[in-house]
Amino acid sequence: MKLLYKLPQDIETRIKEDGEQILCATPYDLEIQQPVNGFFVVTRSYFYIFKNKELIRKEKITRYKEYHHVLAVGFGHLEASNDEEETLLISFSMRHVNRYQSIATILNSIVENHVPKIVSDDEENNCPKCGRPYRFGSRVCRHCLNKKVVFKRLYTIIKPYLLPLFLSLFLMWSITGINLVTPTLHRILVNDYLTPKNKNLTAILLIIGGIGLCSLANTVINVIKNRLMIKVSASITYDLRQTVYTKIQSLSISYIENRKTGELMNRITGDTNRVQHFISNEISIGITQLLTLVVVTILLLVLNWKMALFILIPVPFIILYFRFMNQTFRSMYHSQWRISDRANSLLHDILSGIRVVKAFGMEEKEVSRFSKISKTLSDVTANNEKRYNTIFPFLNYLMGIGSFFILYYGGSLILKEKLQLGDLIQFTQYSQLIYGPLGWLTFFPRSFTNALTATERIFEILEEEPKVKNLAPETNLPIEGNVKVDHVTFGYRPYDPVLKDINLEVKPGEMIGLVGHSGAGKSTMINLIMRLYDVDEGKILIDNRDIKEINQKDLRSQMGVVLQETFLFAGTIYQNIVYARPNATLEEVIKAAKIANAHDFIMKLPDAYDTRIGEKGVRLSGGEKQRIAIARAILNNPKILILDEATASVDTETEYIIQEALGRLIKDRTTFAIAHRLSTLRNATKLIVLDKGKVIEYGTHDELLKKQGKYYQLVMAQKELTKTRE
Amino acid sequence: MSEITYLKPKNAKFFRNNNGFLGLKFNDVEYSRVNLIKAFPFSYENKFISVRDKEQNEIGIIEDISLFPEEVQKLFTEEIERRYYLPKITKIYSIKDEFGYSNWEVETNYGRRKFTIRRDPNNFVNIKANMILIIDVDGNRYEIPDYTKLDKKSFKKIELLL
């Protein structure tokens with residue numbers, strides 16, 4: 001997100017007069033409710049507010065203790081306060097909300113005497129060039145697309161298929177050629193042989209045979225071309241998807257987490273499809289249609305330019321009409337789609353809430369609600385269909401209107417013996433060939449832009465560099481489990497650190513419990529140890545090696561993770577347990593399940609380890625899933641174990657069973673555990689209490705209790721809670 | 001807990017604090033700054049307005065703004081303007097569709113505006129009879145208070161969306 005805008009000259013000089021260096025300069029657009037044009041400028045020691053280029057406020061940043069980003073309804077404010085004062089600095093529309101969130105953080109860190117980092121990772125929603133919003137889930141502006149660059153990219157995709165594509169193009173041209181020959185044969189047939197003067201039946205048969213042969217060749221070539229193209233499109237789709245998917249898997253978690261699942265799926269399936277369709281259909285068809293159009297137009301003009309005009313003059317009108325109708329139909333069907341969507345969601349809503357409907361005796365009301373929307377839908381649909389079925393036949397009629405003139409004009413020429421009947425027939429047949437390409441060309445720009453944008457979006461992913469780089473070679477060196485966290489500072493957004501200057505040393509086999517309120521940085525700590533993110537400052541060492549210098553595969557293969565939200569893939573229990581180590585023996589699998597206290601419940605299922613789970617299979621309870629996840633984690637025999645709220649979502653009894661399993665699991669492993677129920681962490685070698693990203697307490701359970709600090713408070717609060725619950 | 005504490009002119013004294021924000025003295029407690037939050041921002045704009053302290057705890061509810069004297073009402077309006085911003089569309093100049101988005105150019109009670117909405121039913125919501133709430137790509141909101149009262153040309157432009 002942009003935090004440093006180009007300022008108008010006057011403003012810039014005004015600030016330079018003060019000898020200040022500009023850190024941030026951002027526009028604001030409201031004064032409470034009234035629209036204004038203004039700039040908010042932050043330097044090392046001052047902030048400036050300009051309204052219509054005029055300085056209306058300049059203040060020392062440290063005059064206030066805290067800066068607040070206030071999100072109101074439909075807009076936001078930047079406010080500042082100290083012990084006596086509170087003041088509204090500026091207001092802004094929703095476009096700048098995230099920007100001022102960052103600005104507030106920056107101002108606050110200046111107040112706290114930190115040197116702020118002026119970077120904001122939040123992405124803009126609008127194209128920086130033209131200000132138009134990006135299409136959903138994309139950072140490519142359709143207007144400012146550099147077509148040259150995209151063409152080059154498209155070419156790199158097409159390159160491996162050039163040969164079959166040229167072949168299909170050649171086949172299509174031969175079809176066009178044949179199509180052009182046929183009318184000539186008709187002309188010869190009519191002019192020279194279908195006259196009583198020239199009674200040559202063999203010649204007639206020969207010509208008819210020629211026409212038949214053309215038609216056969218046409219069909220055969222078409223079949224060959226289609227089969228070829230199907231093969232090419234399938235392999236283009238496969239290659240593209242494979243490339244995009246492999247790339248996504250290699251990207252860092254920060255990239256993937258910043259995007260919605262649906263968006264990524266759309267890149268892998270939707271965009272690749274669009275590009276494939278464009279390459280395999282539009283390009284070759286396009287070239288052919290264009291060629292047909294040009295050749296036919298020339299032929300018509302050469303044959304008889306006056307008659308050609310009858311056909312060509314209405315063409316621009318027809319194109320315009322086509323475009324206009326296209327728009328109308330689109331919005332017509334769009335509204336129909338909206339209503340049908342509404343009817344469907346209403347239906348979904350009512351059916352899933354049917355118990356509530358019945359419990360309140362509201363059946364009749366719901367029936368009338370649905371029948372109302374159904375009626376609207378049926379009315380709109382009928383209306384649209386009526387319009388469509390009225391307009392299109394007339395359009396067809398209009399397109400054919402030129403041929404009446406030709407018939408009349410051509411007929412009169414024949415009577416004057418200036419034209420032969422065969423010529424007229426040939427001419428009419430050629431004129432029929434012109435409408436297809438015309439109709440197609442009106443839609444071409446749209447599908448062309450679609451394909452370019454899709455290409456650009458695919459390359460957006462392909463060119464993304466993983467933030468967490470995997471540079472070290474694979475060594476298969478075993479890890480002992482020494483973990484050292486050395487002055488680590490990290491934030492998901494660089495100006496907003498979540499962990500500050502953390503130090504920690506863990507010996508192999510020790511268990512470290514992480515304690516703190518939500519948002520204190522516990523999970524972040526674990527993310528860093530797993531190296532899902534790279535630290536901003538400091539180092540994390542495993543067995544005295546910086547984790548950046550350990551190959552990721554080596555690292556992860558010796559880490560086991562059990563998370564609160566257990567994710568099991570669709571498949572059998574067995575497949576899920578051996579996920580990370582497919583070559584494990586059956587004995588190892590059962591042993592792992594036993595350690596995880598899962599073996600017994602698995603054996604109670606009719607299909608035991610071969611039970612299908614997931615969407616289409618048996619539903620397991622939260623505790624059961626958790627135990628399978630533990631078995632999965634243990635099968636790898638990891639040296640470092642990570643338990644992130646592994647027992648948070650189960651009842652007390654199950655928790656006991658899981659605790660028991662975990663007790664066995666953590667033996668001889670370096671373990672990091674997060675748990676809300678502090679009793680779970682009683683066996684930890686050391687506990688770390690985190691607060692606002694800093695370690696505030698460190699020691700054993702007993703030491704920390706004696707200290708009567710934050711940990712003591714948390715334990716007591718939980719005791720209270722358990723008491724009241726009982 | 002379930003009782004509603006009503007703030008009435010008799011027991012609740014609203015004032016403008018030194019910093020220009022709304023303050024309240026109620027039951028001998030002085031709140032240097034309070035926030036007003038509408039319970040029914042679309043259906044009953046001026047009724048049931050929750051008065052909250054800095055920590056967002058409810059102090060009480062104003063049943064109807066009009067129960068208070070005019071100068072207090074003015075204070076309310078000021079505070080409400082700081083919290084709610086919803087330009088009202090009075091005229092529609094153009095709506096142009098473009099790749100699944102539509103670009104609008106309209107006249108509002110705050111002047112002429114241009115904005116873009118993504119074509120998604122959630123961005124064009126019928127909150128109550130004849131009223132439409134429009135949400136643009138940035139999250140800005142616009143209101144058509146009563147589309148039947150729009151001029152004919154404007155109405156024609158949104159007719160298909162209804």
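Let's start with contacts in chain B. Take the contacts with a separation of 6 or more. Of these, 34% join residues 24 or more positions apart. Keep in mind that this is a predicted model.

Next, the overall dimensions of chain B. A compact globule of 162 residues would have a radius of gyration near 15 Å. Chain B has 19 Å. Look at the box as well. Along the principal axes, the C-alpha atoms of chain B fill roughly 60 × 30 × 30 Å. And what share of the 162 residues in chain B is buried? The figure is 43%.

How is chain B divided? The domain assignment gives domain 1, residues 12-83, and domain 2, residues 89-159. The centres of these two domains of chain B are 31 Å apart, taken over C-alpha atoms.

Now the elements. Chain B has two helices and twelve strands. Read chain B from the N terminus: six times β, then α, then six times β again, then α.

Let's walk through two sheets of chain B. In one of them, three strands form an open sheet in the order β1-β2-β3, with antiparallel pairing. Which strands of chain B sit at its edges? They are β1, residues 12-16, and β3, residues 29-31. Each of these pairs on one side only. From one strand to the next, the twist averages 15°.

Zoom in on one pair there. Strand β2 of chain B, residues 22-26, is joined to β3(B) by three bridges. The two run antiparallel. Find Phe26(B). Opposite Phe26(B), in β3(B), stands Val29(B). A helix packs on this sheet: α1 of chain B, residues 70-83. Helix α1(B) touches β1 and β2 of chain B. The direction of α1(B) makes about 65° with that of β1(B).

On to another sheet. Here the order is β4-β5-β6 of chain B, three strands in an open sheet, and the pairing is antiparallel. The edge strands are β4, residues 35-40, and β6, residues 58-64, of chain B. Each has a partner on one side only. Neighbouring strands of this sheet are turned by 30° against each other on average, direction ignored.

Again, one pair in detail. Five bridges connect β4(B) with strand β5 of chain B, residues 44-52. Those strands run antiparallel. Phe40(B) stands opposite Tyr44(B), which is in β5(B). And where does α1(B) lie? Helix α1(B) lies across β4, β5 and β6 of chain B, at about 80° to β4(B). So much for chain B.

Switch to chain A. The domain assignment gives domain 1 as 9-111, domain 2 as 147-304 + 419-462, and domain 3 as 479-557 + 680-726. Between the centres of domain 2 and domain 3 of chain A there are 62 Å, taken over C-alpha atoms.

Look at strand β7 of chain A, residues 86-92. Seven of its seven residues are buried, so β7(A) is largely enclosed by the rest of the structure. Which strand pairs with β7(A)? Strand β6 of chain A, residues 76-81, pairs with β7(A) in the antiparallel sense over six bridges. One bridge matches Glu79(A) with Leu88(A) in β7(A). A hairpin of four residues joins β6(A) to β7(A).

Now the cores. In soluble globular proteins, nonpolar side chains tend to be buried together. The largest nonpolar core here has 44 residues. Val515(A), Ile573(A), Ile577(A), Ile602(A), Leu643(A) and Tyr711(A) touch the most other members. Which helix gives the largest share of this core? Helix α19 of chain A, residues 622-635, with seven residues.

Pick out Val515(A). Set aside residues up to four places away in sequence. Val515(A) then touches several residues, including Leu678(A), Leu687(A), Val689(A), Tyr711(A) and Leu714(A).

There is also a second, separate core, of 32 residues. Among its members are Leu499(A), Ile529(A), Leu532(A) and Ile674(A).

Let's finish on Leu532(A). Its place is in the loop between α14 (522-529) and β11 (537-542) of chain A. Leaving aside neighbours within four places in sequence, Leu532(A) is in contact with Ile253(A), Val468(A), Asn527(A) and Arg556(A). How far apart in space are Leu532(A) and Ile350(A)? They are 43 Å apart, C-alpha to C-alpha, and 182 residues apart in sequence.

Note on methods. Residues are numbered from 1 along each chain as its sequence is written. Chains are lettered from A and ligands numbered from 1 in the order in which they are written. This is a predicted model: local features need pLDDT of at least 70, side-chain atom pairs count only at pLDDT 80 or more; totals for chains, interfaces and linings use all residues. Side-chain values use heavy atoms; hydrogens and water are left out. Two strands pair if DSSP finds at least two bridges between them. Axes are lines fitted to C-alpha atoms, for helices over the stretch in contact, and angles run from 0 to 180 degrees between N-to-C directions. Contact means heavy atoms within 4.5 Å. A nonpolar core is a set of buried Ala, Val, Leu, Ile, Met, Phe, Trp, Tyr and Cys residues joined through side-chain atoms within 4.5 Å. Buried means under 20% relative accessible area, exposed over 50%, partly exposed in between (1.4 Å probe, protein chains only). Domain bounds come from an automatic or database domain assignment. The radius of gyration is taken over C-alpha atoms; the globule rule is 2.2 Å times the number of residues to the power 0.38.
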